[in-house]
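This report introduces a protein model to a reader who has not met it before. Please look over the sequence and the structure before reading on.

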Amino acid sequence: MNIDWAAIGSVFGVSLVATVGLVALFTLGIKGLSARERAAAQGDSAVLAVTAAYLCFAACAAAVAWGIHLIVAKA
């Protein structure tokens, strides 16, 4: 049995980058929504922060949907 260590390392690297990227993107979305709460408490508007938050959540959902598509397409 021969193990392709380069392929395992490649999968590990891509998985690590994708996971950290998605978590960071989701965190930015939560940060944007918390800016809305702070702005509402001060009587201001945070339209840009909320729009960016929704875009971050949409990108996360698109990445998850793409991953599911890749898994289902191989079956």
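What follows describes a predicted model, beginning with its helix packing and then turning to side chains.

**Helix packing**

Helix α1, which spans residues 5-42, packs with helix α2, which spans residues 47-74, at an angle of about 155°, and their axes lie 8 Å apart. Because angles over 145 degrees count as roughly antiparallel, α1 and α2 are described as roughly antiparallel to each other. The crossing of α1 and α2 is left-handed. On the α1 side, the residues making this contact include Leu-22, Phe-26, Gly-29, Leu-33 and Arg-36, while among those contributed by α2 are Ala-49, Ala-53, Cys-56, Phe-57 and Cys-60.

**Side chains**

Arg-36, one of the contact residues of α1, also takes part in a salt bridge with the side chain of Glu-37, with a distance of 3.9 Å from N to O. The count of salt bridges comes to 1.

The count of disulfides, by contrast, comes to 0. Why is Cys-60 not bonded to Cys-56? The sulfur of Cys-60 is 6.9 Å from that of Cys-56, its closest cysteine sulfur, and this is too far for a bond, because a disulfide requires the two sulfur atoms to be within 2.5 Å.

The table lists the accessibility of three residues discussed above.

| Residue | Relative accessible area | Class |
|---|---|---|
| Arg-36 | 34% | partly exposed |
| Cys-56 | 13% | buried |
| Cys-60 | 9% | buried |

Cys-56 and Cys-60 are thus buried residues that also belong to the α2 side of the helix contact.

Notes: Residues numbered from 1 in each chain as written. Predicted model: local features only at pLDDT ≥ 70, side-chain atom pairs only at ≥ 80, totals over all residues. Heavy atoms only, no water. Salt bridge = Lys/Arg side-chain N within 4 Å of Asp/Glu carboxyl O. Buried < 20%, exposed > 50% of the residue type's maximum accessible area, 1.4 Å probe, protein only. Axes fitted to C-alpha atoms, helices over the stretch in contact; angles between N-to-C directions. Helix = DSSP H or I, 4+ residues; strand = E, 2+ residues; numbered from the N terminus. Parallel < 35°, antiparallel > 145°, perpendicular 65-115°, else oblique. Left-handed = near helix turned anticlockwise from the far one by under 90°. Contact = heavy atoms within 4.5 Å.
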